[in-house]
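Q: Hello! I am new to this structure and would like a close look at a single part of it.

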Amino acid sequence: MTNTRMEALKKMQLSYEDLQPMFPHLIYGHISGFGLEGAEASLPGYDLTAFWARGGALLDLGPKGTGPITTPYAVGDHSSTLALVSGLLGALHKQTKTGKGEKVLVSLFGTAIYLNSLMSVPCQYGDSFPKSRLHPLTPISASYCCKDGEWITLTILDYARDWPKFCAAIGREDLVSNEKYNKPEAGKQNSEELVQLIAGIFETQDREYWIKMMTKYDLPFGKTQHIIETMKDPLAWENQYLVNFTYESGNTTVMPCTPVQFGGNKAA
């Protein structure tokens, strides 16, 4: 496995094409910034430039009118690595069955395009990005600020089925039959007005109250946390997604674990 640029690998005679004749069983994993074809393939590629910027998310994930977001580090690196692992496992299976190796290629840019596919496909048909907070997917699939300044995120995708339950949860049963809001098309058409109405309701109670109400009516939601909150989240610890790590110096820190778990192993 290597992330050395292909030009350098060829100079050192360490490309797949150089090695495969000598080692036909070789599985060769290469991860690049922008791929291996085209005039820009040899550009130096980093998480921020190849994954976030060239992939489109850097500019289009922030609220409309705000410009590029300040990204977290290594999201593209981590997700591209998972893609490479998947490819390598497929190649290992082929090697087991046939004895032959394989060349496995992954790039930060290609991974970004794949991960952003649920934006890149619909944007060809009028679903433009970046978006305003006043025009989410639907007004009941959006984030709202609560009285205590904390946020809750709703993902109520079956609008027609769950609109009555949502109205009950927010104490506004009178909206169930309101033709401006009670159908998916109407909610979309009157999105800005409805978002502002719902926002005003959520501002009347703390987040914990709304968590209880969403849970009571079995409505999909997320407790919208800061990163530091996630590191203390009981659910993360109960599922062994986090572990206390002690350095040789004796200092300790909390470290995230691999997202893949095996039944016979525990985080250590």
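Of the 25 residues in the largest nonpolar core, which touch the most other members?

A: Happy to help! This is a predicted model, where local features need pLDDT of at least 70 and side-chain atom pairs count only at pLDDT 80 or more, while totals for chains, interfaces and linings use all residues. Residues are numbered from 1 along each chain as its sequence is written, and side-chain values use heavy atoms, leaving out hydrogens and water.

The residues you are after are Trp163, Phe166, Phe202, Trp210 and Met214. A nonpolar core here is a set of buried Ala, Val, Leu, Ile, Met, Phe, Trp, Tyr and Cys residues joined through side-chain atoms within 4.5 Å; buried means under 20% relative accessible area, exposed over 50%, and partly exposed in between, with a 1.4 Å probe and protein chains only. At least two residues of this core come from each of β4 (151-154), α8 (159-169), α10 (191-202) and α11 (207-216). Such helices (H or I, at least four residues) and strands (E, at least two) are DSSP runs, numbered from the N terminus.

Let us look at Phe202. Leaving aside residues up to four places away in sequence, Phe202 touches Tyr144, Cys145, Cys146, Lys147, Ile152, Leu154, Phe166, Ile170, Trp210 and Met214, where contact means heavy atoms within 4.5 Å. Apart from the largest core lies another, of 8 residues, including Phe34, Ala50, Trp52 and Ala112.

For the wider setting, the protein chain has 13 helices and 7 strands, and buried residues make up 30% of its 268 residues. Its C-alpha atoms fill a box of roughly 75 × 50 × 35 Å, taken along the principal axes.
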